[in-house]
Amino acid sequence: MKVTTKKTLSRLVKTSIAATLFFSSASAFYEIGLGDVSAASAVNHTSINLKPFWTKTVGNPNKINTRATLLKNDLYYTVGNTYNAFDALTGKTRWTVQASAVSQTVTDGQSVWFTDAKGQLLKLNAKSGKLQWKVQTQVSPKKGERYSNFSLHLADGVIYVGDEYGLTAYHASNGKVKWKTKSNNHGFNLLQTGDMLVVSTTISGALTTSGLQGIEAKSGKVKWTLTDGNHQDILFSDGQTLYSRDESRGIDAGYAANIDEIRLSNGTVKATRSYIPVDFVEMQSASDVVSDGDYFYVIGKYDDEQKQAVISRFPVDGRSDDEPDKTYTFDAPVLEWSFENQDGVAYVSLNKGKQIALDTNSGKTLASVHYKGNPLSTIVGQDVIIVQHGANFSGVEVTSSANRP
């Protein structure tokens with residue numbers, strides 16, 4: 001099977017932690033040389049850079065709100081009860097409002113939407129922060145409790161909110177409910193492809209797993225439910241087929257990664273791609289699987305005996321049980337593997353603060369920096385990535401201004 005249609009990607013950019021206290025000099029890093037990687041023929045990415053051009057001290061990282069969003073070059077995050085809009089290219093706060101976001105932020109460029117600790121969905125003017133409207137979601141937390149949000153998605157003038165009630169669609173213009181589908185723990189992950197919403201949901205039984213549902217975006221009608229396997233990770237869709245990792249666990253012989261090809265029309269599994277045979281699934285299965293729509297990257301667990309982590313790349317149009325076409329070896333556990341776009345560059349976070357920009361086709365390290373302090377999540381934006389390390393987070397201009405279109 002050769003994927004030629006436009007792909008809808010999921011999980012390529014990961015949210016991170018952010019807070020503001022004050023600027024400090026960008027001194028909490030040093031350059032390093034990293035990684036033995038197998039491959040050949042490098043792509044020219046001379047503008048790639050990982051040196052921070054600003055760094056902030058954020059205090060105790062255990063007390064920072066972890067729901068931050070980097071949209072293009074605009075960072076939105078909460079510190080305490082203050083919601084901030086921050087220009088990550090200039091390193092300056094654009095505006096603040098009194099609110100505590102507990103979801104990611106979504107925007108159409110003119111407005112921003114998020115849910116707060118009170119269970120309200122808010123719409124603010126993106127330039128000024130002025131409140132345009134707020135509505136109570138289907139969940140009203142009790143006194144002393146905080147509202148929990150699982151997912152927030154904006155498409156075609158509709159805001160989709162996943163929470164403990166289920167999945168609710170709101171008109172983005174006025175906050176009125178369009179439809180709602182009650183299902184506890186609904187929508188941990190959500191991907192929209194065409195007129196179909198695919199969401200992961202918890203299935204309780206003898207063993208708690210994650211299933212998938214296909215929901216008609218226009219009406220909220222559940223078109224299909226997939227309960228076989230454990231499908232919390234939604235990788236991508238080519239418009240006809242959905243690719244999801246089946247992370248079933250057990251002690252029998254199996255594979256480090258199993259990826260199901262699922263028909264979007266009815267939720268049936270067409271085929272399963274199984275990669276990297278292992279004898280003991282729980283101990284040897286992959287720590288993660290990510291995709292850029294052209295390849296699957298199987299993130300291997302760190303091998304304490306070999307003192308290395310191996311990442312294996314498999315073409316999306318390859319066959320089950322194939323050998324990887326590329327492997328990448330690192331001397332520390334891989335915490336994240338993220339993509340800015342489909343240009344073949346991956347941004348890799350390693351344990352102990354190592355950050356790498358990697359040409360995935362050649363295996364060449366394009367740039368590398370070692371941040372002091374325990375590494376936390378990294379957010380990839382348009383021209384900037386945000387790296388959090390210990391009590392600091394830094395802005396990195398990954399594309400020089402001279403090379404921007």
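**Close-up 1. Asn 73, tucked into a loop.** In this predicted model, Asn 73 sits in the loop that links β6 (69-71) with β7 (74-79). Is Asn 73 buried or exposed? Its relative accessibility is 10%, and buried means under 20%, so Asn 73 counts as buried. Who is it touching? Setting aside neighbours within four places in sequence, Asn 73 has contacts with Phe 86, Asp 87, Ala 88 and Leu 89, and also with Gln 382, Asp 383 and Val 384.

**Close-up 2. Strand β24 and its two partners.** Start with β24 itself (residues 254-263): 7 of its 10 residues are buried, so the rest of the structure largely encloses this strand. One partner is strand β23 (residues 241-245), which runs antiparallel to β24 and is joined to it by 5 bridges. The other partner is β25, which also pairs with β24 in the antiparallel sense, over 8 bridges. Now look for Ile 259 in β24. Arg 245 stands opposite Ile 259, and Ile 259 in turn stands opposite Arg 273 in β25. Finally, follow the chain round the hairpin of β24 and β25. There are 5 residues between these strands, and Gly 267 takes a positive phi near 80° in this hairpin.

**Close-up 3. The hairpin of β12 and β13.** Here strand β12 (residues 120-125) and strand β13 (residues 131-136) run antiparallel, with 5 bridges joining them. If you'd like one pair to find, try Leu 121: its bridge partner in β13 is Val 135. Which glycine in this hairpin takes a positive phi? That's Gly 129, with a phi near 85°, and the hairpin has 5 residues between its strands.

**Close-up 4. An open sheet of 4 strands.** Reading across this sheet, the order is β14-β15-β16-β17, and the pairing is antiparallel. Why is one side of β14 and of β17 left without a neighbour in the sheet? Both β14 (149-155) and β17 (177-182) stand at the edges and have a single partner strand each, so one side of each has no neighbour there. On average, and ignoring direction, neighbouring strands of this sheet are turned by 10° against each other. Zoom in on β15 (residues 158-163) and β16 (residues 166-171), and you'll find an antiparallel pair with 5 bridges. One residue to pick out is Gly 162, whose bridge partner in β16 is Leu 167.

**Close-up 5. The second largest pocket.** This pocket has a volume of about 430 Å³. How many residues line it? There are 18, and Gln 284, Gly 300, Lys 301, Tyr 302 and Asp 303 are the ones that lie nearest the centre. The elements giving two or more residues to this lining are β25 (269-278), α1 (281-284) and β28 (309-315). β28 gives the most, with 3 residues. You've already met β25, as the strand that pairs with β24. Sorted by class, the lining has 9 nonpolar, 6 polar and 3 charged residues.

**Stepping back. The whole protein.** Once you zoom out, the secondary structure comes to 1 helix and 36 strands. Of the 405 residues in the protein, 52% are buried, and Asn 73 counts as buried too. What about contacts across the chain? Take the contacts between residues at least 6 apart in sequence: 48% of them join residues at least 24 apart.

How values were computed. Residues are numbered from 1 along each chain as its sequence is written. This is a predicted model: local features need pLDDT of at least 70, side-chain atom pairs count only at pLDDT 80 or more; totals for chains, interfaces and linings use all residues. Side-chain values use heavy atoms; hydrogens and water are left out. On a 1 Å grid over the protein atoms alone, a cavity is a set of points where a 1.4 Å probe fits but cannot get out, and a pocket is an open set with protein on both sides within 12 Å along at least five of seven lines; lining residues have an atom within 4 Å of a point. Grid points are joined across faces, edges and corners, and a volume is the space filled by probe spheres set on the points. Ala, Val, Leu, Ile, Met, Phe, Trp, Tyr, Cys and Pro count as nonpolar, Asp, Glu, Lys and Arg as charged, and the others, Gly among them, as polar. Two strands pair if DSSP finds at least two bridges between them. Axes are lines fitted to C-alpha atoms, for helices over the stretch in contact, and angles run from 0 to 180 degrees between N-to-C directions. Buried means under 20% relative accessible area, exposed over 50%, partly exposed in between (1.4 Å probe, protein chains only). Contact means heavy atoms within 4.5 Å.
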